[in-house]
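Reader: I would like a close look at one part of this model. Please take the main sheet and work outward from there, in short steps.

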Amino acid sequence: MTRVIVVGSVNEDLVVRAPIPAPGETVAASESLALLPGGKGANAACAAARLGAETQFVGCVGDDDAGARACEQLLAAGVGIGRLAVLPQVGTGRAVVIVDDAGENAIVIAAEANGRLDAARVEAAVAALALPGAVVLSNLEIPAEAVEAAAAAASAHGLRFVLDPAPARVLGDALLPPGAVIVPNEHELTQLGATPAELLARGAGAVVVTRGAEGAELHERDAAPVRIPAPAVRAVDTTGAGDA
């Protein structure tokens with residue numbers, strides 16, 4: 001069984017179904033508000049655990065009701081939370097999510113405890129959890145120093161580093177250790193400021209570009225891109241789809 005070490009964010013999502021408003025516009029919700037588990041890290045961890053990987057989470061939540069709910073939800077999905085810190089006097093990360101009738105969304109995030117995840121905590125956690133063949137998976141919804149520490153720790157322990165580069169920004173060399181797998185969606189790829197070929201030339205082992213209903217593309221050095229189709233589904237809510 002593969003061990004997946006997720007270094008990432010935990011949020012509680014306040015979700016409302018409504019047309020996504022234009023600036024200055026007020027719209028009415030079509031359903032009641034819902035509180036749902038979220039965060040790119042937590043979403044990825046739950047997906048990995050449900051697919052059968054032995055999954056461990058590294059991150060921070062607040063010592064509040066939202067943090068307690070997040071811990072319960074991760075445990076229920078089969079995710080290990082021994083390295084999920086509960087921080088006093090700080091709130092758990094929150095996100096406000098608007099979902100329209102087509103399943104598209106607009107999201108605003110308040111980092112809260114996620115912003116307290118530091119390099120020292122990440123380095124210690126990866127060192128304690130490292131096993132031969134394990135994978136370290138991270139995203140950009142936590143501080144840059146924490147992501148860079150995850151990449152460095154993965155490299156130091158001979159583990160594969162996988163990065164979901166979202167929210168997207170230009171990637172420094174610290175986030176591209178040798179053999180890293182970078183998984184942007186088609187919009188994030190543009191925001192990264194580099195093509196798959198350029199990311200591979202800088203040391204990435206593979207670049208997987210996800211394209212929604214069109215599936216994904218696998219780019220590897222000295223090989224033609226491989227298209228992977230997506231199953232046809234009716235989109236209900238795309239929140240978290242890229243994370244998973």
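Author: What follows starts with the nine-stranded sheet and then moves to its helices, loops and surroundings. The model is predicted.

Start with the strand order. Nine strands make up an open sheet, and they run β5-β4-β1-β8-β9-β10-β11-β12-β13. The pairing is mixed. Two strands stand at the edges: β5, residues 79-87, and β13, residues 226-228. Each has a single partner strand, so one side of each is left without a neighbour in the sheet.

Now go inside the sheet. Strand β1 covers residues 3-7, and strand β8 covers residues 135-139. These two run parallel and are joined by four bridges. One residue pair can be picked out by name: V7 has S138 of β8 as its bridge partner.

Helices come next. Helix α1, residues 40-50, packs on this sheet. The strands touched by α1 are β1, β4 (54-62), β5, β8 and β9 (160-164). The direction of α1 makes about 155° with that of β4. Helix α3, residues 119-129, lies across β1, β4, β5 and β8. Against β5, α3 runs at about 155°.

Helix α4 deserves its own look. It spans residues 144-156, which is 13 residues. From first C-alpha to last, α4 reaches 18 Å, close to the 18 Å expected at 1.5 Å a residue. Several of its residues are buried: A146, V147, A149, A150, A151, A153 and A154. The buried residues of α4 pack against β1, α3, β8 and β9. After α4 comes G158, and its phi is positive, near 70°.

Look next at the loop that leads from β8 to α4. L140 is found there. L140 is buried, because its relative accessible area is 9% and the limit for buried is under 20%. Its contacts, leaving out residues up to four places away in sequence, are V147, L163, D164, P165, A166, P167, R169, L171 and L175. Of these, V147 is also among the buried residues of α4. L140 and S9 are 131 residues apart in sequence, yet their C-alpha atoms are 8.7 Å apart in space.

Two of those contacts share a special bond. A166 and P167 are joined by a cis peptide bond, with omega about -5°. P167 lies in the loop between β9 and β10 (181-182). Most residues other than glycine have a negative phi, and most peptide bonds are trans.

Two residues have an unusual phi sign in that light. Phi of Q89 is near 60°, a positive value in a residue other than glycine. Q89 sits in the loop between β5 and β6 (93-99). Q89 is exposed, with a relative accessible area of 84%. D222 also has a positive phi, near 60°, and is likewise not glycine. D222 belongs to the loop between β12 (216-219) and β13. D222 is exposed too, at a relative accessible area of 80%.

There is a second sheet. Four strands form it, open and mixed in pairing, in the order β3-β2-β6-β7. Its edge strands are β3 and β7 (105-110), and each pairs on one side only. The twist averages 25° from one strand to the next. β6 and β7 pair in the antiparallel sense over six bridges. Within that pairing, A95 has I109 of β7 as its bridge partner.

T239 links to this region. It is found in the segment after β13. T239 counts as partly exposed, at 24% relative accessibility. It touches D13, V97, V99, N105 and I107, not counting residues up to four places away in sequence. The C-alpha atoms of T239 and E104 are separated by 7.7 Å, with their positions 135 residues apart along the chain.

Finally, return to α1 for a pocket. The second largest pocket has a volume of about 280 Å³. It is lined by 18 residues, and the closest to its centre are P37, A42, N43, C46 and R50. β2 (11-17), β3 (34-38), α1 and α2 (65-76) each supply at least two lining residues. α1 gives the most, with five residues. The helix that packs on the nine-stranded sheet thus also borders this pocket.

Technical notes
Residues are numbered from 1 along each chain as its sequence is written. This is a predicted model: local features need pLDDT of at least 70, side-chain atom pairs count only at pLDDT 80 or more; totals for chains, interfaces and linings use all residues. Side-chain values use heavy atoms; hydrogens and water are left out. Two strands pair if DSSP finds at least two bridges between them. Contact means heavy atoms within 4.5 Å. Axes are lines fitted to C-alpha atoms, for helices over the stretch in contact, and angles run from 0 to 180 degrees between N-to-C directions. The expected span of a helix is 1.5 Å times one less than its number of residues. Buried means under 20% relative accessible area, exposed over 50%, partly exposed in between (1.4 Å probe, protein chains only). On a 1 Å grid over the protein atoms alone, a cavity is a set of points where a 1.4 Å probe fits but cannot get out, and a pocket is an open set with protein on both sides within 12 Å along at least five of seven lines; lining residues have an atom within 4 Å of a point. Grid points are joined across faces, edges and corners, and a volume is the space filled by probe spheres set on the points.
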